[in-house]
4 protein chains.
Amino acid sequence: MVVIVKQTATKAQLDSFLQWVYEKGLKPHLSEGAGTTIIGLIGDTSKLDENLVRSMPIVEDVKRVSEPYKRTNRKLHPDDTLVSVGGAVIGEGHLTVIAGPCSVECEEQIVEVAKAVKAAGAAMLRGGAFKPRTSPYAFQGLRAEGIELLKKAREATGLPIVTEIMNIEHIPLFEDVDIIQVGARNMQNFELLKELGHLNKPVLLKRGLANTLEELLMSAEYIVAGGNPNVILCERGIRTYETATRNTLDLSAVPFLKSRSHLPVVVDPSHACGIAWMVPALAKAAVAVGADGLLIEVHNQPEKALSDGAQSLRPDEFARLMEQLRPLAELAGKKM
Amino acid sequence: MVVIVKQTATKAQLDSFLQWVYEKGLKPHLSEGAGTTIIGLIGDTSKLDENLVRSMPIVEDVKRVSEPYKRTNRKLHPDDTLVSVGGAVIGEGHLTVIAGPCSVECEEQIVEVAKAVKAAGAAMLRGGAFKPRTSPYAFQGLRAEGIELLKKAREATGLPIVTEIMNIEHIPLFEDVDIIQVGARNMQNFELLKELGHLNKPVLLKRGLANTLEELLMSAEYIVAGGNPNVILCERGIRTYETATRNTLDLSAVPFLKSRSHLPVVVDPSHACGIAWMVPALAKAAVAVGADGLLIEVHNQPEKALSDGAQSLRPDEFARLMEQLRPLAELAGKKM
Amino acid sequence: MVVIVKQTATKAQLDSFLQWVYEKGLKPHLSEGAGTTIIGLIGDTSKLDENLVRSMPIVEDVKRVSEPYKRTNRKLHPDDTLVSVGGAVIGEGHLTVIAGPCSVECEEQIVEVAKAVKAAGAAMLRGGAFKPRTSPYAFQGLRAEGIELLKKAREATGLPIVTEIMNIEHIPLFEDVDIIQVGARNMQNFELLKELGHLNKPVLLKRGLANTLEELLMSAEYIVAGGNPNVILCERGIRTYETATRNTLDLSAVPFLKSRSHLPVVVDPSHACGIAWMVPALAKAAVAVGADGLLIEVHNQPEKALSDGAQSLRPDEFARLMEQLRPLAELAGKKM
Amino acid sequence: MVVIVKQTATKAQLDSFLQWVYEKGLKPHLSEGAGTTIIGLIGDTSKLDENLVRSMPIVEDVKRVSEPYKRTNRKLHPDDTLVSVGGAVIGEGHLTVIAGPCSVECEEQIVEVAKAVKAAGAAMLRGGAFKPRTSPYAFQGLRAEGIELLKKAREATGLPIVTEIMNIEHIPLFEDVDIIQVGARNMQNFELLKELGHLNKPVLLKRGLANTLEELLMSAEYIVAGGNPNVILCERGIRTYETATRNTLDLSAVPFLKSRSHLPVVVDPSHACGIAWMVPALAKAAVAVGADGLLIEVHNQPEKALSDGAQSLRPDEFARLMEQLRPLAELAGKKM
C-alpha cells in the first residue's frame, strides 16, 4: 500500500502516522520528493482498510499495490483449478457447454430440452427453478418443484444439472443439485456467499451487472476462504449506456480473469445480449477469446417460454452452433 | 404496449398473432403505414411479458406505453405517502435527517454519536450492525450485538433507529428496529423484498449501483404489493466511469421519483461521494432539489472508524451542516 | 413514430395536435385504450424532430419505430458495401488486417514496422501522424511530416496507408493517404464529417467512447449522405465503470452493425484494452464474432514508443498472431 | 509517480530501469517489501508518459501521485479566477445566469427571448448558431447568420452573448462574440482547444459525455497553456445507463472541480436532464452545491422550437425560477 501525504502535513503529524503504521505491524518506507511525500507500507496489508487510511488527516490518497484477493489469486496458486461434476470437467483444456431453458416450466419441456441439448453435445443442463424477476407480477419460477423436474431430466439424460439459488434458506433444496448458480443480482449477497463457502459443491458465480472483475474475484474469495475451492466464474454482460443489446458482453473479462486467477471462467452470451440471433456469434467469440465453457439458453418453443424466450435458441439452432464451436475448441486446444 | 411488426411478416402470421392477442384478453389495434405496421395492445398489459412478445417471429420490437409499477405509481395513488416512526415523519413537507456512524462499534461510540446527532437536530439514528463488505477479510459488523447497542442508544436519546438487513433469516432480530434498511446490493434480492412486504414496519430501500429508477420502483412494488405500504426510496449514487468520487450522486432521481411515485425520497450523500469534505455541499443540493430527508454518516473519531471513516463527518461538522440546512429546508417549505 | 397522449389531454388539444400532424404531411392513426391513447404517425418521419413532438403539451412520450439512418441502412440497401483500396478490399468475405505503430516516430521506425507487418501478412499500414492526446504536454505526433514518412513506408512495401485526421484544415495533407481515419473523439465532429462526405476517399470511422451504435450509424450517415459511400465502421471499446482494461471492447457491436447496415465493420482490440498481452485473445474473438478486419498496433520497440507502447505487439508477436488468425478466418469463410 | 515492479524482475533489469529513470532527470526511490518492490520517481514527472512506463518489461503497474494539470491546478494557483465579460463577472462570489434558446431561429425570436431573460435577471444571453446534431437531416442552425442575430439581441438588451463553436475555420466569425462555448462533443477536439488558447476571449468549456473531471481539467489546460487564462468549466450531465433523464447531472463535479482548480464552474441543467419541468429543481440544487453560474434554456414557444424544445422553459417559468434562485444565491454568499 502506498500512502501519498498532504503537502500541509506537519512533522508531528507525520511522526504520529508512522507510529500508527508500526502499531499495525507494518514497516513504513518514506520517499520525499519535490512537493510530494509518499510512504510505502511494507508487510501484509490485506486486512488494512484502505478507506480507514484515506480518512487520516494527513493522507491525500492511498493506492493498493497488491491484489486484495489471496486464495483466488494465480500468483499464490499458479495451477489451474479444474472442477469435476459427474463425468464433466470445467477448467483449462476443456470447453464445457451448459445448455437449457431460462426457466423450468413442466416435465415435458425440461426433459425434451435436456435430450435435445445432450444429443447436440452439451455437457450439462441448466434451467431456472427460482427466478429473479424485476416485476412481482412476472412468473417467479416453479421453485422447489422446478428442482424436482430438473432431477427427472438428469435421470433421463445423465446430464449434471445447474440451477440458481436466491436465498440461504433454500440451500437444503439444492442438496442434490450438481452446480449451484449464484446470479448476477446476488454476486454481492455476502451472507449467501459465506454459506456456500461451507458446502462441498461447485458454485457458478455470475458477475454482477455493475461489478468490477476485482469485485467478482473478491466474491469468489468469500466462497473459497470459507473452504469451498470449487468456484466457476461467469461473465454475463455488464450494464452500460448502450441499449442495442440488453447488456454489454465484456469478453476481455476472460483473459483478465484467467491471468489473475486459477479459477475456470465461463461465458453466458444469451443473457448478455438478450437476442437469440446474436448468441451464436458471441458464443464463437467467447471460445476464441479463451473461455472454459458456455451457458446457452435453449428452449423447444421460445415463443411460448414463460421467461426470456427472446434470447433462447431452438434445439436445431443449438445443434448447428455446437457444430460450429467444435473446430474453434480444437484450435483453442480444448476438449469438447 | 405497442408492437412493431417485421416488414417480412405474412398475412397468415399476422392473423395468428392477432388471434394470440385476443386470447390474452387484449384488443389489438392496427396502424398500417408505408413500410411499417404497428399494433397497439389495448387492455391490462401489466402481466404480459414484454420479452415474450418480442420473441415472436413477426415482431421487430415492442414498446411499453404504461409503467409496469402500479401500487407505487402516483397516477393511481396521487396522495403523498407519509411514513411515521416514533415521533418522526418522513414524507412531503418534512426534512428528516437520519445520522450516525457507518458501523456500530461499541456502546460508548454509538451512544456518544447518538447524543451528538440528536443535539444537532437529527430525527433518527442510523448505524450498521450487519455490514456488506467487498472483502471477506474486512470487519463484518457486530451483527446481533450491534442491534442491541443501537437499542441502547435509542433508550439514551429517544431517537428511532435505522439499520440494514442482509438476509431473510435475520428478520426476527429486526423486530424492535424502527426502520429496516435494504442496501444497494440487496435492492434486487427479491426473496428478501417479498418477506419485507409481509412486515408491518417501514423499509428504507436504497437504489442499486446499476439500477434504473424504474427498477427501484419495481423493487418497491414487491414490498407494497406484499401488503407493506411504508417504503422510503433512497438515492445513494450510481456506478459510472467517473473515479473522482466513489459513485455519482444522481440528484435528478429525486424529482423523477417524486413525480412518478407517491413514496418519500431521501438521499445519502455520504455513500455517494465517499469523501467527508464533499458531503455538506451535496447535502445542501439534495435539500434544494426536493429530497424528503438525508442519511448522513457521523462518527466521533472518523480516523479510527472500523469502516468508511473517509466519508464521516465529525459531530461539530455535522452540527454546522444542520445549521446550514435549516434555511434551505424553510425555502423548500419543509419542517425540520 | 408513435405518440403516447397524456391522460389529461382534452378533445380540443387532441384535435389541434392531429391538425399539426396533417400539416407535416403525415397521417395520424389513433388507438384509444383504457387510460391510454396512442397515435401512430404514418409517413416519412425521418425529418421530424422527436424532441419537438415530445415538448407538445399533450404528449407524454414519443417512440420511434423506424431507424433514423437511411443510406447506411441494410433494409434499404441490402447488398454489402465493399471498400477497395490499392489491391486490398475491406468488406464481407475478407479479413483485412491493418497494422502499424500508434505514432509515426521516424523514417527508420515506420519503414521497419511496415516491412515487418507486411511480411506477416498485414494488408495495410496504420500509423498516427496527428495524435489526439489528453495532455497538452504529451507528444502530439509528427503531423505533416508523419504523413510524408507514411508515404515512404508505402513506397517501400506497397501497403496502402491509414492515418487519423483531427481537423478540417488538414484535409489537403491527406490527399495522398489511402484511408482517412476519424478517431473516437471526433466521431461527432459533424463539420469534419460533412467535409469528408465530399471526398472520394474511404473513411474509417471509429465509435466514440460514449456513443451508441445508432449514433455511430448516424455519423456514418453524415458521410454517406454527403456523397461518399466508402465508410468503414470501427469498434474500439467503450467507456464503462470497469478499470481492469482501458476501455470495454463491445464485440456485440459487430453482429449488430452488420445486421443493421451494409457497411464493413472492423475492430481495434489494441486501443480497446490497452494491454499488449491481451490483444491476441481479443483479436481472435473479433474474427470469430464476424469482423471484416482488425486494427492492430505493432511497434519494433514498444518500450521506447512515444505513445501507447503499452498496447503494442512486437513484430514477432504480431506474426504469431497472424498465424493464429488464419484458420479462424477460414472457419469464418473469409479471405485473408 | 510510483512504479510497482513485477515479482519476476531480475536485478539486472531493475538496474537498467533505474538507469533509465536517472536519464529522464528523475531520482528513483526504492521500497522493497515482502513480495513487492515499489519505486517512487522523484522530480517533475508531468511530461513522463504513464503508459510508456507501464509498457516496460519489469513494470507491473504505475500510479500517478500528482495531478497532470498544472496551470489549472489550485495547488499551484490558489486564487480564484474571475472572468469578466461586459459588465458581468463569472467566478467565486457571483451567481451568473446565462439564458436563452437552444437555437437562434429568427430575429424576432432571439430578441424577444433576450428581453425576457434580461427582465428576469439573466446576466448573459445564450443561443446556438452552429448546432451539433446527431442526424444530418436535423436543423443545423442558422450558422453565420445566427451570430449576426445574436449581436442584434445584444444591441437591444446589452446582454453579453455566448454561443458555440464547432470548427477552427469559424473562429473569425466569433470575433465579436463575448464568450465562445465549446460543446461536450468537442471537449477533446484538441486542435480547436489549441487555437482557442491563442485568443484573448473567454471560453466556456463543457464536459464531454464520457469524460472524467480530470480530462476536463486537461482540456482546460490546453487552453490556459496556450496563453488564454479565461476558461469557465461547465458540468452538463454525463452518459450513464439510466434512461429516465437524457443524461445524468453530476453535481459532485462542482465541489470537486472547485477544490482542484481555480477556474469558475457553471452548470447546465437543461441539457443534463432534457425535461423542462425538471430544470428548476436541478438549477436550485446547482446553486446549493456551489456553482458559480447556470446555463438555462428559455424559449418563447418551446413547442415550435427547431431544436430541444422539450427542455426549454417559457419566459414566465424562467422568471419564477429566478425568484426562487435569489434567496439560495444569498445563502451561498453569492451576488446575482
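Two strands count as paired here when DSSP finds at least two bridges between them. With that in mind, welcome to a predicted model, read here from its confidence scores through its sheets to the contacts between its chains.

**Confidence**

The predictor assigns the complex an ipTM of 0.93, together with a pTM of 0.94. For chain A the average pLDDT is 93, and 99% of the residues score at least 70.

**The barrel**

Let us start in chain D, where 8 strands close into a barrel. Going round, the order is S7-S8-S9-S10-S11-S12-S13-S14, and the pairing is parallel. Neighbouring strands of this sheet are turned by 30° against each other on average, with direction ignored. One pair is worth a visit in the viewer: strand S11 of chain D (residues 203–206) runs parallel to strand S12 of chain D (residues 231–235), and 4 bridges join them. Within that pair, Leu205(D) stands opposite Leu233(D) in S12(D).

**The open sheet and the two domains**

The domain assignment divides chain A into domain 1 (2–63) and domain 2 (83–331). Their C-alpha centres lie 44 Å apart.

Chain A also has an open sheet of 4 strands, arranged in the order S2-S3-S1-S4 with antiparallel pairing. Which strands are the edge strands? They are strand S2 (27–32) and strand S4 (59–63) of chain A, each of which pairs on one side only. From one strand to the next, the twist averages 20°. Strand S1 (residues 2–5) and strand S3 (residues 37–42) of chain A are joined in the antiparallel sense over 4 bridges. A handy landmark is Val3(A), which stands opposite Ile39(A) in S3(A).

**Chain B and chain D**

Now to the way the copies sit together. Two copies of a chain are related by a rotation about an axis and a shift along it. Chain B is superposed on chain D by a rotation of 180° with 0.0 Å of shift along its axis, at an RMSD of 0.0 Å. The two copies are therefore related as by a two-fold rotation axis. In chain B, the C-alpha nearest that axis belongs to Ala285(B), 2.1 Å from it. Both copies use the same surface, as 100% of the contact residues of chain B recur in chain D.

The contact draws 31 residues from chain B and 31 residues from chain D. On the side of chain B that touches chain D, the elements giving two or more residues are helix H6 (213–225), helix H7 (253–260), helix H9 (279–289) and helix H10 (315–331) of chain B. Of these, H9(B) supplies the largest share, 7 residues.

**Chain B and chain A**

For this pair too, a rotation of 180° with 0.0 Å of shift along its axis superposes chain B on chain A, with an RMSD of 0.0 Å. Which residue of chain B comes closest to the rotation axis? That is Ala210(B), whose C-alpha is at 2.7 Å. Because 100% of the interface residues of chain B are also interface residues in chain A, the copies meet through the same surface.

Here 42 residues of chain B are in contact with 42 residues of chain A. Helix H2 (50–54), helix H5 (190–196) and H6 of chain B are the elements that give two or more residues to the side of chain B that touches chain A. The largest share of that side, 5 residues, comes from H6(B). Helix H6 of chain B is thus listed on the side that touches chain D and on the side that touches chain A.

The residue classes on the two sides of chain B are set out below.

| Side of chain B | Nonpolar | Polar | Charged |
|---|---|---|---|
| Touching chain D | 20 residues | 7 residues | 4 residues |
| Touching chain A | 19 residues | 11 residues | 12 residues |

Note on methods: Residues numbered from 1 in each chain as written. Chains lettered and ligands numbered in written order. Predicted model: local features only at pLDDT ≥ 70, side-chain atom pairs only at ≥ 80, totals over all residues. Axes fitted to C-alpha atoms, helices over the stretch in contact; angles between N-to-C directions. Least-squares fit on C-alpha atoms with pLDDT ≥ 70 in both. Contact = placed C-beta atoms within 7 Å. Nonpolar A, V, L, I, M, F, W, Y, C, P; charged D, E, K, R; others polar. pLDDT = per-residue confidence, 0-100. Domains from an automatic or database assignment.
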